[in-house]
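Colleague: I have just opened this one and have not looked at it before. Could you walk me through it, starting with the terms I will need?

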Amino acid sequence: MPIVWIALAELFGTALWFTPNAVIGDLEREWALAAHDLGWLTGAVQVGFLLGTLMIGLNGLADRRDASRLFAVCCLLGALSNGLLPWAGGLWPAVVLRLITGMALAGIYPIGMKLMVGWAPQRTGLGLAWLVGMLVIGTATPHLLAGLSLEGDWRSALWCASLLALIAGAMIWRLGEAPHLRKMAGNTSRWAGLGAFRIEEFRHAASAYFGHMWELYTLWALIPLLLATALPTLTTTQLALGSFMLIAIGGPGCWLGGWLSLRLGSRRIAQIGLSGSAACCLLYPWLDDIPGRWTALLLALWSLLAVIDSPHFSALSARACPASLVGSALTLQNAIGYAISAASLAFLLPAWSTLGSWVAWLMLPGPLVGLWVLRSRQKGFAHS
């Protein structure tokens, strides 16, 4: 039951992540935004997430305090900052609000992982696969809310996401911390999370994750643009719902990867995902001339493969660390990973206007680096 509870809360809490992307057309009209301003709104969340994870990870807050209370407070903060977005009135106030939302998400995503590891210590790969699968669907949810709200007021999509975040906070507040971890809270010193990087297996799992993060969020941010290019006759509502489906397919993909990891191990699933997404990066620009429906299917496959490996980097990292460091170590790993994703978004989203689908080749180094790191540590991860 705790696994399902935490996974559902992660779904609701991470609905805050891409809310402006789902209603960008309305924001462009309301605030006279340019197309490249989407990069500022998306990048602000990533930067806020980076700042939040650094504060939580370096401070050791995730291991020194009750993680469930931290999760709930961050859900409240994120719901408020997202709910105020319709009154921002322009780009830069909206960027500030998105920065705050990103900081709140730093207490939702990695702290959710810490809670999952605590409640399911013997099924880390499977539990994290369920959690990340819900994160993927939560990330896609704004597109669904927008698709359902476009006939009315676009603001309702934002407010629905905030309501979901409040529900997530209430769920985890009621669940609480895993009993054995509650006893350990307060025993971890500040800066202790940095000690995880002295553990060789943690460093290599984290490094593979960093390569994965160069690709993932940039792909998700580009999916509406790639889909609109492949199928230019889609209506606004069809594009929103199509984008939701293309991103959300990664959720069942993560669950499938979690089940397979019970047989193959987390390292093998991570390698499969990295290899598949690298192949999609390489091939996608060459397939511009195929029918749009086939391009959409390729996008669905790419989206699935790009995230199926995500929970298994965290599973490998968590297994490498003592229980007293898991929360801080995973939060710091997320901090660096999202700094990389922010750099990727800042560099690659503007490149879309000149390179088009060839921007996929600029995402390719990420999965290649991850594959190289995992292959170099194959013996160390043999039983993971």
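Modeller: Let me begin with a term: a residue is called buried when its relative accessible area is under 20%, exposed when that area is over 50%, and partly exposed in between. Please keep in mind that this is a predicted model.

Colleague: Okay, and how many salt bridges does the count come to?

Modeller: The count comes to 2 salt bridges. In one of them Arg 155 pairs with Glu 30, and their closest N and O atoms are 3.6 Å apart. This pair links distant parts of the chain, since Arg 155 belongs to helix H10 (residues 155-175) and Glu 30 to helix H3 (residues 24-31), with their positions 125 residues apart.

Colleague: Is Arg 155 buried, exposed or partly exposed?

Modeller: Arg 155 has a relative accessible area of 22%, so it counts as partly exposed, given that buried would require a value under 20%. Its partner Glu 30 is also partly exposed, with a relative accessible area of 44%.

Colleague: And which residue forms a salt bridge with Lys 114?

Modeller: That is Glu 177, and the closest N and O atoms of this pair are 3.4 Å apart. Lys 114 sits in helix H8 (residues 109-119), while Glu 177 is in the loop between H10 and helix H11 (179-184), so the salt bridge ties together parts that are 63 residues apart in sequence.

Colleague: Are those two buried or exposed?

Modeller: Lys 114 is buried, with a relative accessible area of 4%, and Glu 177 counts as buried too, at 1% relative accessibility.

Colleague: Changing topic, what is the volume of the second largest pocket?

Modeller: The second largest pocket has a volume of about 250 Å³. It is lined by 13 residues, and those closest to its centre are Gly 39, Trp 40, Gly 43, Ala 44 and Ala 346. Helix H4 (37-59), helix H7 (91-105) and helix H18 (326-355) are the elements that each give two or more residues to this lining.

Colleague: How do the residues of that lining divide into nonpolar, polar and charged?

Modeller: The lining of the second largest pocket has 10 nonpolar residues and 3 polar ones, with no charged residue among them.

Colleague: What about the surface, which residues make the nonpolar patch?

Modeller: A nonpolar surface patch of about 610 Å² is made by Leu 282, Leu 283, Trp 286, Leu 355, Trp 358 and Trp 361. One of these, Leu 283, lies in helix H15, which covers residues 266-283, and Leu 283 is partly exposed, with a relative accessible area of 48%.

Colleague: Back to helix H10 for a moment, is Ala 157 in there buried or exposed?

Modeller: Ala 157 is placed in helix H10, and at 4% relative accessibility it counts as buried. The C-alpha atoms of Ala 157 and Thr 19 are separated by 7.7 Å, although the two residues are 138 residues apart along the chain.

Colleague: Where else could I look for residues that are apart in sequence, say with Ala 79 or Val 373?

Modeller: Ala 79, which is in helix H6 (residues 67-83), counts as buried at 6% relative accessibility. Its C-alpha atom is separated by 9.5 Å from that of Cys 160, and the two residues are 81 residues apart along the chain. Val 373 lies in helix H20 (residues 365-376) and is buried, with a relative accessible area of 5%. Val 373 and Gly 211 are 162 residues apart in sequence, and from C-alpha to C-alpha they are 9.1 Å apart in space.

Technical notes:
Residues are numbered from 1 along each chain as its sequence is written. This is a predicted model: local features need pLDDT of at least 70, side-chain atom pairs count only at pLDDT 80 or more; totals for chains, interfaces and linings use all residues. Side-chain values use heavy atoms; hydrogens and water are left out. Patches are made of residues with over 30% relative accessible area and no salt bridge: like charges are joined within 9 Å, nonpolar side chains (Val, Leu, Ile, Met, Phe, Trp, Tyr) within 5 Å. Accessible areas come from the Shrake-Rupley method with a 1.4 Å probe; for residues, only the protein chains shown count as cover. A salt bridge is a side-chain nitrogen of Lys or Arg within 4 Å of a carboxyl oxygen of Asp or Glu. Helices (H or I, at least four residues) and strands (E, at least two) are DSSP runs, numbered from the N terminus. Buried means under 20% relative accessible area, exposed over 50%, partly exposed in between (1.4 Å probe, protein chains only). On a 1 Å grid over the protein atoms alone, a cavity is a set of points where a 1.4 Å probe fits but cannot get out, and a pocket is an open set with protein on both sides within 12 Å along at least five of seven lines; lining residues have an atom within 4 Å of a point. Grid points are joined across faces, edges and corners, and a volume is the space filled by probe spheres set on the points. Ala, Val, Leu, Ile, Met, Phe, Trp, Tyr, Cys and Pro count as nonpolar, Asp, Glu, Lys and Arg as charged, and the others, Gly among them, as polar.
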